[in-house]
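Reader: Please take one close look at the helices here and the loops and rings around them. Start with a single buried residue, and say how you decide that a residue is buried. Keep it brisk.

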Amino acid sequence: RYVGALFVAALLSYLLTPFAIMLAKKFNVYDIPRERRVHKVPTPLLGGLAISVSFLVTTLAFGLIDRSVFGLFAGGILILVVGIIDDMVELKPSVKLLGQIAAAVVLVMSGIRAEFITNPFTKQMVFIENWSIPITIIWVVAFTNIVNFMDGLDGLAAGVSAIAATTIALVAVDKGNMSTALMSFALAGSAIGFLKYNFNPAMV
(Lines give C-alpha, C1' and ligand atoms only; values in the text may rest on other atoms or scores of the structure.)
Protein backbone atom coordinates (compact mmCIF):
# COMPACT_ATOMS: atom_id res chain seq x y z
CA ARG A 1 0.00 0.00 0.00
CA TYR A 2 2.85 2.39 0.77
CA VAL A 3 4.51 1.88 -2.62
CA GLY A 4 1.08 2.05 -4.24
CA ALA A 5 0.29 5.42 -2.64
CA LEU A 6 3.65 6.81 -3.74
CA PHE A 7 3.24 5.51 -7.31
CA VAL A 8 -0.42 6.52 -7.78
CA ALA A 9 0.20 10.05 -6.47
CA ALA A 10 3.31 10.49 -8.63
CA LEU A 11 1.48 9.26 -11.73
CA LEU A 12 -1.54 11.50 -11.10
CA SER A 13 0.66 14.53 -10.54
CA TYR A 14 2.68 13.75 -13.66
CA LEU A 15 -0.52 13.52 -15.73
CA LEU A 16 -2.34 16.48 -14.15
CA THR A 17 0.46 19.06 -14.20
CA PRO A 18 0.16 19.67 -17.99
CA PHE A 19 -3.53 20.48 -17.43
CA ALA A 20 -2.57 22.96 -14.69
CA ILE A 21 -0.13 24.55 -17.15
CA MET A 22 -2.91 24.78 -19.77
CA LEU A 23 -5.24 26.42 -17.24
CA ALA A 24 -2.58 28.95 -16.28
CA LYS A 25 -2.00 29.84 -19.92
CA LYS A 26 -5.72 30.04 -20.65
CA PHE A 27 -6.35 32.46 -17.77
CA ASN A 28 -3.03 34.29 -18.20
CA VAL A 29 -1.69 33.30 -14.76
CA TYR A 30 2.09 33.70 -15.01
CA ASP A 31 4.97 34.26 -12.65
CA ILE A 32 6.81 37.31 -13.94
CA PRO A 33 10.65 37.27 -13.64
CA ARG A 34 11.90 39.29 -10.69
CA GLU A 35 14.75 39.44 -8.18
CA ARG A 36 13.97 36.21 -6.31
CA ARG A 37 13.29 34.17 -9.48
CA VAL A 38 15.80 32.30 -11.63
CA HIS A 39 13.66 32.07 -14.76
CA LYS A 40 14.07 34.68 -17.46
CA VAL A 41 10.63 34.50 -19.09
CA PRO A 42 7.07 34.50 -17.66
CA THR A 43 6.29 31.00 -16.37
CA PRO A 44 2.81 29.46 -15.83
CA LEU A 45 1.65 29.16 -12.22
CA LEU A 46 -1.07 26.91 -10.67
CA GLY A 47 1.28 23.92 -10.25
CA GLY A 48 0.03 23.57 -6.68
CA LEU A 49 -3.36 22.62 -8.08
CA ALA A 50 -1.95 19.45 -9.67
CA ILE A 51 -0.05 18.52 -6.50
CA SER A 52 -3.08 19.10 -4.27
CA VAL A 53 -5.55 17.18 -6.43
CA SER A 54 -3.11 14.26 -6.72
CA PHE A 55 -2.65 14.17 -2.95
CA LEU A 56 -6.38 14.42 -2.18
CA VAL A 57 -7.43 11.77 -4.72
CA THR A 58 -4.71 9.34 -3.64
CA THR A 59 -5.53 9.77 0.04
CA LEU A 60 -9.22 9.13 -0.60
CA ALA A 61 -8.45 6.18 -2.92
CA PHE A 62 -6.54 4.47 -0.13
CA GLY A 63 -9.45 4.84 2.27
CA LEU A 64 -7.99 7.31 4.73
CA ILE A 65 -11.23 8.96 5.80
CA ASP A 66 -11.82 10.22 9.34
CA ARG A 67 -12.45 13.52 11.11
CA SER A 68 -8.81 14.56 11.23
CA VAL A 69 -8.28 13.72 7.53
CA PHE A 70 -11.27 15.84 6.55
CA GLY A 71 -9.83 18.63 8.70
CA LEU A 72 -6.53 18.27 6.87
CA PHE A 73 -8.38 18.38 3.53
CA ALA A 74 -10.38 21.46 4.54
CA GLY A 75 -7.32 23.33 5.75
CA GLY A 76 -5.33 22.28 2.71
CA ILE A 77 -8.06 23.32 0.29
CA LEU A 78 -8.31 26.71 2.01
CA ILE A 79 -4.55 27.21 1.60
CA LEU A 80 -4.87 26.10 -2.04
CA VAL A 81 -7.66 28.60 -2.75
CA VAL A 82 -5.69 31.43 -1.12
CA GLY A 83 -2.65 30.43 -3.20
CA ILE A 84 -4.59 30.32 -6.46
CA ILE A 85 -6.17 33.73 -5.80
CA ASP A 86 -2.73 35.09 -4.94
CA ASP A 87 -1.35 33.69 -8.20
CA MET A 88 -4.09 35.44 -10.12
CA VAL A 89 -4.32 38.84 -8.41
CA GLU A 90 -1.36 38.97 -5.95
CA LEU A 91 -2.97 39.35 -2.55
CA LYS A 92 -1.63 41.63 0.15
CA PRO A 93 0.66 39.82 2.63
CA SER A 94 -1.80 40.53 5.45
CA VAL A 95 -4.63 38.84 3.52
CA LYS A 96 -2.47 35.79 2.76
CA LEU A 97 -1.49 35.58 6.43
CA LEU A 98 -5.15 35.66 7.51
CA GLY A 99 -5.90 32.84 5.07
CA GLN A 100 -3.02 30.76 6.44
CA ILE A 101 -4.13 31.36 10.03
CA ALA A 102 -7.70 30.37 9.10
CA ALA A 103 -6.43 27.11 7.55
CA ALA A 104 -4.39 26.37 10.68
CA VAL A 105 -7.45 27.02 12.86
CA VAL A 106 -9.44 24.53 10.75
CA LEU A 107 -6.77 21.91 11.45
CA VAL A 108 -6.85 22.61 15.17
CA MET A 109 -10.65 22.45 15.28
CA SER A 110 -10.54 19.01 13.62
CA GLY A 111 -8.29 17.69 16.37
CA ILE A 112 -4.92 18.01 14.62
CA ARG A 113 -2.50 19.68 17.01
CA ALA A 114 0.95 19.34 18.52
CA GLU A 115 0.41 18.18 22.11
CA PHE A 116 3.98 17.21 22.96
CA ILE A 117 7.41 18.59 22.20
CA THR A 118 10.73 16.88 22.79
CA ASN A 119 13.30 18.39 25.14
CA PRO A 120 16.44 18.30 22.94
CA PHE A 121 18.73 17.96 25.97
CA THR A 122 16.98 15.15 27.87
CA LYS A 123 15.00 13.60 24.97
CA GLN A 124 11.93 13.63 27.23
CA MET A 125 8.48 14.41 25.85
CA VAL A 126 6.94 17.55 27.34
CA PHE A 127 3.14 17.91 27.41
CA ILE A 128 2.36 21.51 26.35
CA GLU A 129 -1.32 21.47 27.45
CA ASN A 130 -3.10 24.75 26.63
CA TRP A 131 -0.18 25.93 24.52
CA SER A 132 -0.87 23.22 21.95
CA ILE A 133 -3.39 25.34 20.01
CA PRO A 134 -1.31 28.53 19.51
CA ILE A 135 1.90 26.52 18.94
CA THR A 136 0.19 24.40 16.25
CA ILE A 137 -1.19 27.49 14.50
CA ILE A 138 2.21 29.23 14.57
CA TRP A 139 3.95 26.06 13.35
CA VAL A 140 1.57 25.58 10.40
CA VAL A 141 1.78 29.23 9.33
CA ALA A 142 5.57 29.28 9.73
CA PHE A 143 6.17 26.18 7.61
CA THR A 144 3.67 27.30 4.98
CA ASN A 145 5.77 30.42 4.50
CA ILE A 146 9.07 28.54 4.68
CA VAL A 147 7.96 26.48 1.67
CA ASN A 148 6.75 29.66 -0.07
CA PHE A 149 10.10 31.36 0.46
CA MET A 150 11.91 28.36 -1.06
CA ASP A 151 9.87 28.67 -4.24
CA GLY A 152 12.26 31.12 -5.93
CA LEU A 153 14.52 28.35 -7.32
CA ASP A 154 13.16 25.81 -9.80
CA GLY A 155 12.50 22.47 -8.15
CA LEU A 156 13.61 23.53 -4.66
CA ALA A 157 10.28 23.74 -2.83
CA ALA A 158 8.85 20.57 -4.40
CA GLY A 159 12.16 18.72 -3.99
CA VAL A 160 12.58 19.58 -0.32
CA SER A 161 8.90 18.77 0.30
CA ALA A 162 9.30 15.36 -1.35
CA ILE A 163 12.36 14.59 0.80
CA ALA A 164 10.65 15.77 3.99
CA ALA A 165 7.44 13.84 3.25
CA THR A 166 9.41 10.66 2.49
CA THR A 167 11.34 11.02 5.76
CA ILE A 168 8.11 11.46 7.72
CA ALA A 169 6.61 8.45 5.91
CA LEU A 170 9.55 6.21 6.81
CA VAL A 171 9.41 7.27 10.47
CA ALA A 172 5.66 6.61 10.48
CA VAL A 173 6.22 3.13 9.00
CA ASP A 174 8.77 2.41 11.72
CA LYS A 175 6.27 3.54 14.38
CA GLY A 176 3.41 1.54 12.83
CA ASN A 177 1.34 4.63 12.00
CA MET A 178 -0.15 3.53 8.69
CA SER A 179 -2.41 6.56 8.18
CA THR A 180 0.41 9.08 8.50
CA ALA A 181 2.72 6.90 6.39
CA LEU A 182 0.23 6.60 3.53
CA MET A 183 -0.57 10.31 3.49
CA SER A 184 3.13 11.20 3.60
CA PHE A 185 3.93 8.82 0.73
CA ALA A 186 0.99 10.32 -1.20
CA LEU A 187 2.38 13.82 -0.61
CA ALA A 188 5.90 12.75 -1.60
CA GLY A 189 4.58 11.13 -4.78
CA SER A 190 2.57 14.23 -5.67
CA ALA A 191 5.69 16.37 -5.40
CA ILE A 192 7.85 13.87 -7.30
CA GLY A 193 5.45 13.69 -10.27
CA PHE A 194 5.36 17.50 -10.40
CA LEU A 195 9.17 17.79 -10.40
CA LYS A 196 9.35 16.51 -13.99
CA TYR A 197 7.95 19.88 -15.06
CA ASN A 198 9.50 22.00 -12.31
CA PHE A 199 13.21 21.29 -12.68
CA ASN A 200 15.26 24.08 -14.25
CA PRO A 201 14.23 25.44 -16.67
CA ALA A 202 10.80 25.09 -15.10
CA MET A 203 7.72 24.73 -17.30
CA VAL A 204 5.50 25.60 -14.34
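Author: A residue is called buried if its relative accessible area is under 20%, exposed if over 50%, and partly exposed in between. The model is predicted.

Start with Ser-132. Its relative accessibility is 5%, under the 20% limit, so Ser-132 counts as buried. Ser-132 belongs to helix H5, which covers residues 132–149. What does Ser-132 touch, leaving out residues up to four places away in sequence? The contacts are Arg-113, Ala-114 and Glu-115.

Move on to helix H3, residues 67–89. It has 23 residues. At 1.5 Å a residue, with one residue fewer counted than the helix holds, the expected span is 33 Å. The C-alpha atoms at its ends are 33 Å apart, so expectation and model agree.

Which residues of H3 are buried? They are Val-69, Gly-71, Phe-73, Gly-75, Leu-80, Val-82 and Asp-86. As a general rule, an α-helix has 3.6 residues a turn, so residues three or four places apart point the same way. The buried residues of H3 pack against three helices: H2, H4 (93–109) and H7. Phe-73 has a further role in the picture: with Phe-55 and Phe-70 it makes up one aromatic cluster. Just past the end of H3, Glu-90 takes a positive phi of about 55°.

Two more residues have positive phi. Leu-46 is not a glycine, yet its phi is near 75°. It sits in the loop that runs from strand S2 (43–44) to helix H2 (47–61). At 9% relative accessibility, Leu-46 falls under 20%, so it counts as buried. Lys-123 is also not a glycine, and its phi is about 65°. Its loop joins strand S3 (116–118) to strand S4 (125–127). Is Lys-123 buried or exposed? Its relative accessible area is 64%, over the 50% limit, so Lys-123 is exposed.

Now the rings. The structure holds 6 aromatic pairs. One of them joins Tyr-2 and Phe-185, with 5.7 Å from centre to centre and 35° between the planes, a tilted arrangement. This pair links distant parts of the chain: Tyr-2 is in helix H1 (residues 2–26), Phe-185 is in helix H7, and 183 residues separate them. Tyr-2 has a relative accessible area of 26% and is partly exposed. Phe-185, at 10%, is buried.

Phe-116 and Phe-127 pair as well. Their ring centres are 5.3 Å apart and their planes lie at 45°, so this pair is tilted. Phe-116 is in strand S3 and Phe-127 in strand S4, so the pair ties together parts 11 residues apart in sequence. How accessible is Phe-116? At 44% it counts as partly exposed. Phe-127, at 47%, also counts as partly exposed. These are the strands on either side of the loop that holds Lys-123.

One charge sits over a ring. Lys-196 lies over the face of Tyr-197, at 5.3 Å from the ring centre.

Finish beyond helix H7 (178–198), where Pro-201 lies in the segment that follows. The peptide bond from Asn-200 to Pro-201 is cis, with omega near -5°. H7 itself has come up twice: the buried residues of H3 pack against it, and it carries Phe-185, the partner of Tyr-2.

Terms used:
Residues numbered from 1 in each chain as written. Predicted model: local features only at pLDDT ≥ 70, side-chain atom pairs only at ≥ 80, totals over all residues. Heavy atoms only, no water. Helix = DSSP H or I, 4+ residues; strand = E, 2+ residues; numbered from the N terminus. Buried < 20%, exposed > 50% of the residue type's maximum accessible area, 1.4 Å probe, protein only. Contact = heavy atoms within 4.5 Å. Phe/Tyr/Trp six-rings, centres within 6.5 Å; stacked < 30°, edge-to-face > 60°. Lys NZ or Arg CZ within 6 Å of the ring centre and 35° of its normal.
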